[in-house]
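Thank you all for coming. I would like to walk through one structure with you this morning, taking the cysteines, then the aromatic rings, and then a single helix.

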Amino acid sequence: MQKPMNLQQVLNAAGADSARQLELFAILTLGIMESLENGVLSPAEAITVFFNLENCRFVRDNLPAKAADEVMGRGVQLPDLLEALDAEEAPKEFQREIAAIRRLCLGLLEEHRLVA
């Protein structure tokens, strides 16, 4: 899976409602996290496919939740964790970041569920 996902196209196809777009964003991101944890995607591939510049800009400019922007910022940093930390600490910090991204996404879904 090397082809970038265009979040703008995907989310706009889901409808103009920003709450629906946030919900879909959270679900897609949870799938990316699952793929990272299971080794289906490498952190570098996740950057190419999902956490790329175009998607980060789209999220920052169009999704009305700071949590969504934080998810993208954390996702962009995942490969750096593995390079910057020693072999013992890197996997632990990688898992902490994935857990943090997952919590943010679940929070977006819960917030949407309570509002809907």
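Let me begin with a question about one residue: is C105 buried or exposed? C105 counts as buried, since its relative accessibility is 0%. Please keep in mind throughout that what we are looking at is a predicted model.

Staying with the cysteines, a search across the whole structure turns up zero disulfides. C56 takes part in no disulfide, and the cysteine sulfur nearest to it, which belongs to C105, is 13 Å away. The reverse holds for C105, which is likewise in no disulfide and has the sulfur of C56 as its nearest cysteine sulfur, 13 Å away. Because a disulfide requires the two sulfur atoms to lie within 2.5 Å, a separation of 13 Å rules out this pair. C56 is buried too, with a relative accessible area of 17%, and that value falls in the buried class because the class takes in anything under 20%.

Let me turn now to the aromatic rings. A pair of aromatic rings is described by the distance of the centres and the angle of the planes. The structure holds two such pairs. In one of them, F25 and F50 have ring centres 6.2 Å apart and planes at 20 degrees, so this pair is stacked. The F25 and F50 pair links distant parts of the chain, given that F25 sits in helix α2, residues 18-37, while F50 lies in the loop between α3 (43-49) and α4 (53-62), 25 residues apart. F25 is buried at 0% relative accessibility, and F50 is buried as well, with a relative accessible area of 0%. In the other pair, the rings of F50 and F51 have their centres 5.0 Å apart and their planes at 90 degrees, so that pair is edge-to-face. F50 and F51 are both buried, and together F25, F50 and F51 make up one aromatic cluster.

Finally, I would like to consider helix α5. How far apart are the end C-alpha atoms of α5, and what span should its 19 residues have? At 1.5 Å a residue, the 19 residues of α5, residues 66-84, should span 27 Å, and the end C-alpha atoms are 26 Å apart, which agrees. Even so, α5 bends by about 40 degrees at L78, with a proline, P79, following within four residues. Both L78 and P79 are among the buried residues of α5, which also include A68, V71, M72, G75 and L81.

Terms used:
Residues are numbered from 1 along each chain as its sequence is written. This is a predicted model: local features need pLDDT of at least 70, side-chain atom pairs count only at pLDDT 80 or more; totals for chains, interfaces and linings use all residues. Side-chain values use heavy atoms; hydrogens and water are left out. Buried means under 20% relative accessible area, exposed over 50%, partly exposed in between (1.4 Å probe, protein chains only). Rings of Phe, Tyr and Trp (its six-membered ring) pair if their centres lie within 6.5 Å; planes under 30 degrees apart count as stacked, over 60 as edge-to-face and the rest as tilted. Helices (H or I, at least four residues) and strands (E, at least two) are DSSP runs, numbered from the N terminus. The expected span of a helix is 1.5 Å times one less than its number of residues. The bend at a residue is the angle between axes fitted to the seven residues ending there and the seven starting there.
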